[in-house]
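Dear colleague,

I am passing on the structure below, and after it you will find my notes on what turned up when I went through it. Please read them with the model open beside you.

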Amino acid sequence: MILSNRAQKIKPSPTLAIDAKAKAMKAQGIDVVNFGVGEPDFDTPENIKEAAIKAIKEGFTKYTPVGGIDALKDAVIDKFKKDNGLDYTREEIIISCGAKHSLYNINQAILSPGDEVLIPSPYWVSYPDQALLNDAVPVFVKTYEKDSFMLRTESLKAHITPKTKLLILNSPSNPTGLTYDQKTLEGIAEIVLRNNMYIISDEIYEKLTYDGVKHISIASLGKEIKQRTIVVNGLSKSYAMTGWRIGYAAGPKDIIKAMTNIQSQSTSNPTSIAQKAAVEALRGPQDFIKTMLEEFDKRRKFLIDSLNKINGLSCLTPTGAFYAFPNTSALYGRYYNEKPINSSSDLAMYLLEEAKVALVHGAAFGDDNYVRLSYATSIDMIKKGVDRIAEAIQKLK
Ligand SMILES: *Cc1c(COP(=O)(O)O)cnc(C)c1O
């Protein structure tokens, strides 16, 4: 076999795969309602696009410093100060080609073969595979719907071994749409400090919270925990900039330096033009986020309400991001034309084929009792989609 052991251990991102399948069906003329998407359906704001065009016209089209231009690092530093009360210097910041790239580089920088990475489940699809790519071992720690999918401190403690190096937190969460409260974060921070571990805190959905919930970064809970946390964030979700590929990380100097070295031997700098656009996104008017959030909020209320009206589904009300994560386990054991529905994949496949509705099976996120629906699509599409789901579920015997 020509492929490395590493390459053979990982799979393509299942969420991107489902989105691709739905888009392919659409291209064939099939009327698919796509709840699979993991990106805002809004266009990047005009002022951000203009900043990129200006950068091109001014010839800002060459290599930049590997870890990002100072103007963008400074904008990120100011963001952390303003939004999270966190103080960082330029040496504690790196700009990468998306938050996913920052996450990858952290894994590369701190994991050695055999190191264990604690991943609360359900989890975002890339965390385990990125650990595997570094010959580390993903260790899943189950979280429960009745705890709003927050990690229990007893469960965390029970999974720590001498090989545990890292815990990955994601709040607001993809796929659950839920957010951590301060008390739970304090409990987690204490255990992390006592066990000399590190935390990656993926805060990409920070700006997308509802019902007055305020995002809390675990790094902001004290000096010691800040030294043990690498915060990851980016522009993709808050500014509808998924295609621009700008993310960033903040953390201890030595880790950021190692990440920068890794970046210098792989991608080099993130795109010069996108960096200029990102400065404008962070420094320019912020009213776009409010407008997008108001729209997401309307859809969220409508979708959760509609899902909970369907017999066999129950869904917590998400407090962040743009996902609903209904419990589908009551449907398992039912049949459609002699074909059993016994898992989240059976259900997702049934809904795609029979109802022309694309959503992601929960097993992709480590929990087979759920499916994920993204509401980054119009309210009309959501309405059409839930009607189809209701009808299809009614047909199950
Ligand atoms: C979308 C997403 C990312 C990656 O964002 P990019 O900046 O586009 O790479 C990271 N983490 C989570 C949880 C996400 O949903």
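In this predicted model, the side chains of Asp41 and Arg299 come together in a salt bridge, with 3.0 Å from N to O. Asp41 sits in the loop between strand E1 (33-34) and helix H3 (46-57), while Arg299 belongs to helix H12 (residues 287-309), so this pair ties together parts that are 258 residues apart in sequence. The two partners can be told apart by their surroundings: Asp41 has 37% relative accessibility and counts as partly exposed, whereas Arg299, at 4%, counts as buried because the limit for that class is under 20%.

Other pairs are worth a look as well. Asp147 and Arg152 form a salt bridge at 2.6 Å, N to O; Asp147 is partly exposed, with a relative accessibility of 22%, and Arg152 is also partly exposed, with a relative accessible area of 27%. Glu190 and Arg194 make a salt bridge in which the closest N and O atoms are 2.8 Å apart, and both residues lie in helix H8 (residues 182-194), four residues apart, which is about one turn of the helix. Of this pair, Glu190 is partly exposed at 48%, while Arg194, with 53% relative accessibility, counts as exposed because that class begins over 50%. Elsewhere, salt bridges with shared partners connect Lys79, Lys82, Asp83, Glu206 and Lys207 into one network. The count for the protein comes to 26 salt bridges.

As for the charges overall, the protein has 50 positive and 46 negative ones, and the mean positions of the two sets are 2 Å apart.

Turning to the fold as a whole, the protein contains 14 helices and 14 strands. Its radius of gyration is 21 Å, close to the 21 Å that the globule rule gives for 397 residues, so the protein is as compact as a globular protein of that length. The C-alpha trace spans about 60 × 55 × 50 Å along its principal axes.

How much of the protein is buried? Buried residues make up 56% of the 397 residues, and the protein exposes about 17,200 Å², of which carbon and sulfur atoms supply 52%. Among contacts with a separation of 6 or more, 74% are between residues 24 or more positions apart.

With best wishes

Definitions and conventions: Residues numbered from 1 in each chain as written. Predicted model: local features only at pLDDT ≥ 70, side-chain atom pairs only at ≥ 80, totals over all residues. Heavy atoms only, no water. Helix = DSSP H or I, 4+ residues; strand = E, 2+ residues; numbered from the N terminus. Rg over C-alpha atoms; globule rule 2.2 N^0.38 Å. Buried < 20%, exposed > 50% of the residue type's maximum accessible area, 1.4 Å probe, protein only. Contact = heavy atoms within 4.5 Å. Areas by Shrake-Rupley, 256 points an atom, 1.4 Å probe, with all protein chains shown as cover. Lys, Arg positive; Asp, Glu negative; His and termini not counted. Charge placed at Lys NZ, Arg CZ, Asp CG, Glu CD. Salt bridge = Lys/Arg side-chain N within 4 Å of Asp/Glu carboxyl O.
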